[in-house]
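Welcome! Take a moment to look over the sequence and the fold below, and then we will walk through a few of its parts together.

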Amino acid sequence: MSSPDPQVRAARNLTAPSSENEPENKPENEPENEPENKAENKSVRSRSRSRGPVVAVTGAATGVGELLTARLAASEEIKQVIAIDERRGEVSEATWHILDVRDPAIAEKLRGADVVVHLALDLDLETDPAARTAYNVRGTQTVLTAAAAVGVHRVVLCTSAMVYGALPDNDVPLAEDAELRATAEATGVGDLLEIERLGRRAPRAHPGLQVTVVRPTILVGGTDTALTRYFESPRLLVVAGSRPTWQFCHVDDLVTALEYAALEKIDGEFAVGCDGWLEQAEVEELSGVRRMELPSAVALGAAARLHRIGLTPSPAGDLAYTMHPWVVSVSRLHDAGWRPGWTNEEVLAALLEEVEGRHTVAGRRLGRKDATAAGAAGATVALLGTAALVRRARKARRRF
């Protein structure tokens with residue numbers, strides 16, 4: 001959190017009691033001084049906050065939204081925090097409004113805000129895809145329209161660096177202004193692409209409204225995604241001939257980057273994550289988890305079939321993000337003075353600690369009993385290679 005600016009420090013000096021008015025030999029910590037000092041400190045904080053923006057946060061009761069709400073509420077650079085969610089959160093310093101972000105009544109709740117940080121997104125692997133898209137897209141549409149209607153001048157959207165796409169010919173790292181080449185084949189990516197499209201259109205439809213887009217890399221810290229579940233597997237699946245690269249973003253760093261955006265220290269579109277990246281061999285060495293390599297046709301074909309019949313929540317498109325590079329430069333935040341508090345190595349260690357004891361194969365969570373019975377590599381082969389192995393067995397029987 002930033003220290004008070006020179007004007008705030010000057011205000012403290014002006015409001016401090018003059019020594020010539022104090023009784024001689026008065027004890028420094030005498031009890032009757034406490035109310036005066038408290039009132040003085042409150043006055044200084046009030047003056048500081050009166051100059052800051054009013055920031056509204058959607059999705060404020062959980063996850064990144066809760067962390068950002070708490071941070072902004074504690075900041076002297078923020079005048080007021082308006083918290084919006086379908087239930088009340090724990091940050092008592094915020095002004096709470098309980099409603100669905102798709103409700104047009106949200107416009108009145110945003111009145112008086114300078115900036116809106118929209119974090120009410122559903123990217124849960126287990127959510128019905130059609131329901132997830134309806135919530136994410138309609139919610140973003142409603143927030144953008146409502147914000148413009150009541151005079152909010154900036155909306156901050158949070159998507160993902162996944163929108164760049166994971167492709168074998170990607171530059172390493174990608175520039176932040178690189179073309180968005182992702183498709184809708186991976187979990188939630190279609191929603192994120194549509195959210196970005198809405199963000200680009202909004203300033204044209206609503207002159208005076210500015211939109212900032214924040215794209216975190218692989219998010220770690222209380223998150224559950226296809227990419228974090230990859231590290232819950234007994235073996236790290238590597239598709240033969242692929243070139244995986246790993247760039248993480250701890251939620252703490254995302255929160256500070258969102259704070260930068262809320263305070264308008266940075267605008268436009270930018271990525272957030274650790275500096276640099278890890279190659280697959282480095283990940284395996286640091287994690288101590290061995291790889292299991294499968295041919296591309298087996299891995300992708302079986303993943304598609306298993307998802308289609310409902311055995312796994314992750315579509316085959318999620319595998320691309322474990323196969324091809326999609327690391328990105330974070331130079332725009334650096335230029336604005338921001339620095340990550342975590343390294344890729346530290347975030348990986350935190351992720352491994354977080355997922356310890358979980359058993360996931362091909363994106364499907366298994367109970368401890370199931371995982372033990374199936375065996376480590378055996379479980380992975382059973383789920384990923386089922387269709388291919390059955391076909392081979394049938395061909396073999398026909399020969400006899």
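Helix α12 covers residues 344-355, 12 residues in total, and spans 16 Å from its first C-alpha to its last, close to the 16 Å expected at 1.5 Å a residue. Keep in mind as you read that this is a predicted model.

Which residues of α12 are buried? They are N344, V347, L348, L351 and V355. Looking down the axis of α12, you would find these buried residues within an arc of 100°, so they line one face of the helix. Among the elements that cover them are β7 (218-220), α7 (226-229), β9 (245-246), β10 (248-250), β12 (278-279) and α9 (280-287). Just after α12 comes G357, which takes a positive phi of about 90°.

One good residue to follow from here is F248. Leaving aside its neighbours within four places in sequence, F248 is in contact with several residues of α12, including N344, V347, L348 and L351. Other contacts of F248 include T217, I218, V220, F231, G273, C274 and L278.

F248 also leads us to the largest nonpolar core, which has 38 residues. Within this core, F231, W246, F248, Y321 and W326 touch the most other members. The elements that give two or more residues to it are β7, β8 (236-239), β13 (291-294), α10 (296-308) and α12. There is also a second, separate core of 36 residues, with V57, I78, L219 and A261 among its members.

Now let us turn to the sheet. It is an open sheet of 7 strands with parallel pairing, in the order β3-β2-β1-β4-β5-β6-β11. At its edges are β3 (95-98) and β11 (269-272), each of which pairs on one side only. From one strand to the next, the twist averages 20°.

For a closer view of one edge, look at β2 (residues 80-85), which runs parallel to β3 and is joined to it by 4 bridges. Here A83 stands opposite W96 in β3. In general, strands of a sheet pair through backbone hydrogen bonds, either parallel or antiparallel.

Two helices lie across strands of this sheet, as the table shows.

| Helix | Residues | Lies across | Angle |
|---|---|---|---|
| α5 | 129-149 | β1 (54-58), β4 (115-118), β5 (154-158), β6 (210-216) | about 180° to β4 |
| α6 | 189-205 | β5, β6, β11 | about 155° to β6 |

Strands β5 and β6 appear in both rows: α5 lies across them, and α6 does too.

Terms used
Residues numbered from 1 in each chain as written. Predicted model: local features only at pLDDT ≥ 70, side-chain atom pairs only at ≥ 80, totals over all residues. Heavy atoms only, no water. Pairing = 2+ DSSP bridges. Axes fitted to C-alpha atoms, helices over the stretch in contact; angles between N-to-C directions. Contact = heavy atoms within 4.5 Å. Expected span 1.5 Å × (residues − 1). Buried < 20%, exposed > 50% of the residue type's maximum accessible area, 1.4 Å probe, protein only. Arc of directions from axis to C-beta. Core = buried A, V, L, I, M, F, W, Y, C linked by side-chain atoms within 4.5 Å.
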